[in-house]
Amino acid sequence: WYQRRVRGTQCILYILQGKYNECNTLAECLNRSTENAFLVYECGFLPILLKQIDLQLQEYKAENRQSDHVEESFAMRMLLNTLYTMMCLMKAAEQESVQEQRSAFFKELSEPMHGYDNLGLFMLEMIYSFEKGLSILPIKKITLIFWKYLLSTLGNMEDIADKKAKIRDENGLHPWVEPKDLPCSQWQVLQPQFPDRIPVPDMMEDESENPNLLCPSEDGEPSRRLPWKPKARQADVELYLRTCRQKF
């Protein structure tokens, strides 16, 4: 049963990738990939795919898998690759004829599934399981899907700003103006607490007009850097980076 599921997922992923062995050019492969993504979605494959991911997750939890080997999580990687490929292809589709299907696809991802409110919470549950010791989960692929889901449903920063302005206008609120006088240095954060002790240079001034912004380097020449030393040692930073690389 496990081998049949993996083989079936590989076949679907091959179709989503445009059946590259049967294409003559890269453009033909990309066009086929987009067409196949919508075709697979029309056939009702998305609920099946999400169900398979949930079943694989529950299987890992039941067995308390702790392995870090790629071979041990091959089935989950194939399932997540298939989902991520569908999301990327359908998000990039710009043809007018597929916009309705595209909207329906991402709307379905935002609906409840297998005990979760949406795909984002489903991915967060997998991230939480990884942090709790289920190290067999491919955390990079899970994080990529979560990131792509947020971009596809919430949009980028400009889209969020437009939605915010529209909702405020509908509710009779004044347009939101981003504050421009936020603290830009530790001086401006601490100055209200110690007004007589900490001089506050204007960080928005030109460096040539405000020499206090330029701190002397070891050779005596001015350089643009913070006037205080960080609390973390360089060795601690390097140890943290090595630990993160080994973990993820």
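So, how many residues does helix α7 have, and what does it reach from its first C-alpha to its last? Helix α7 covers residues 139–154, which is 16 residues, and it reaches 22 Å from end to end, C-alpha to C-alpha. That is close to the 22 Å expected at 1.5 Å a residue. Before I go on, please keep in mind that this is a predicted model.

Okay, the overall picture. The protein has ten helices and two strands. Reading from the N terminus, the order is α-α-α-α-α-α-α-α-α-β-β-α. There are 248 residues in the protein, and 30% of them are buried. If you take the contacts with a separation of 6 or more, 56% are between residues 24 or more positions apart.

Back to α7 for a moment. Which of its residues are buried? They are Ile 139, Ile 142, Ile 145, Phe 146, Lys 148, Tyr 149 and Ser 152. Yes, there's a lysine on that list. As for what covers these buried residues, that includes α4 (74–92), α5 (99–109) and α6 (119–131). Right after α7 you hit Gly 155, and its phi is positive, near 85°.

Now let's look at α4, starting with its partner α5. These two pack at an angle of about 140°, and their axes are 9 Å apart. Angles over 145 degrees would count as roughly antiparallel, so at about 140° α4 and α5 are oblique to each other. The crossing of α4 past α5 is left-handed. On the α4 side, the contact uses Met 86, Met 87, Met 90 and Lys 91. On the α5 side you have Gln 101, Arg 102, Phe 105, Phe 106 and Leu 109. By class, that contact splits into six nonpolar residues, one polar and two charged.

Then there's α4 with α2. Here the axes come within 9 Å and cross at roughly 110°, which makes α2 roughly perpendicular to α4. This crossing, α2 past α4, is left-handed. From α2, the residues involved are Ser 33, Thr 34, Ala 37, Phe 38, Val 40 and Tyr 41, and they meet Met 86, Leu 89 and Met 90 of α4. The class count for this contact is seven nonpolar, two polar and no charged residues. If you're following on screen, look at Met 86 and Met 90: they're in the contact with α5, and they're in the contact with α2 as well.

Let me finish with three single residues.

First up, Asn 36, in helix α2, which runs from 26 to 42. Is Asn 36 buried or exposed? Its relative accessible area is 13%, and the cut-off for buried is under 20%, so Asn 36 is buried. Leaving out neighbours within four places in sequence, Asn 36 is in contact with Ile 15, Leu 16 and Gly 18.

Next, Thr 85, which sits in helix α4. Thr 85 has a relative accessible area of 18%, so by that cut-off Thr 85 is buried too. If you skip residues up to four places away in sequence, Thr 85 touches Leu 13 and Leu 16. So Leu 16 turns up for Asn 36 and again for Thr 85.

And last, Val 98, in the loop between α4 and α5. Val 98 counts as buried because its relative accessibility is 13%. Leaving aside neighbours within four places in sequence, Val 98 is in contact with Phe 38 and Ala 93. Val 98 and Phe 38 are 60 residues apart in sequence, yet 8.0 Å apart in space, C-alpha to C-alpha. And Phe 38 is one of the α2 residues that meet α4.

Technical notes: Residues are numbered from 1 along each chain as its sequence is written. This is a predicted model: local features need pLDDT of at least 70, side-chain atom pairs count only at pLDDT 80 or more; totals for chains, interfaces and linings use all residues. Side-chain values use heavy atoms; hydrogens and water are left out. Helices (H or I, at least four residues) and strands (E, at least two) are DSSP runs, numbered from the N terminus. The expected span of a helix is 1.5 Å times one less than its number of residues. Buried means under 20% relative accessible area, exposed over 50%, partly exposed in between (1.4 Å probe, protein chains only). Contact means heavy atoms within 4.5 Å. Axes are lines fitted to C-alpha atoms, for helices over the stretch in contact, and angles run from 0 to 180 degrees between N-to-C directions. Angles under 35 degrees count as roughly parallel, over 145 as roughly antiparallel, 65 to 115 as roughly perpendicular and the rest as oblique. A crossing is left-handed if the near helix is turned anticlockwise from the far one by less than a right angle, and right-handed if clockwise. Ala, Val, Leu, Ile, Met, Phe, Trp, Tyr, Cys and Pro count as nonpolar, Asp, Glu, Lys and Arg as charged, and the others, Gly among them, as polar.
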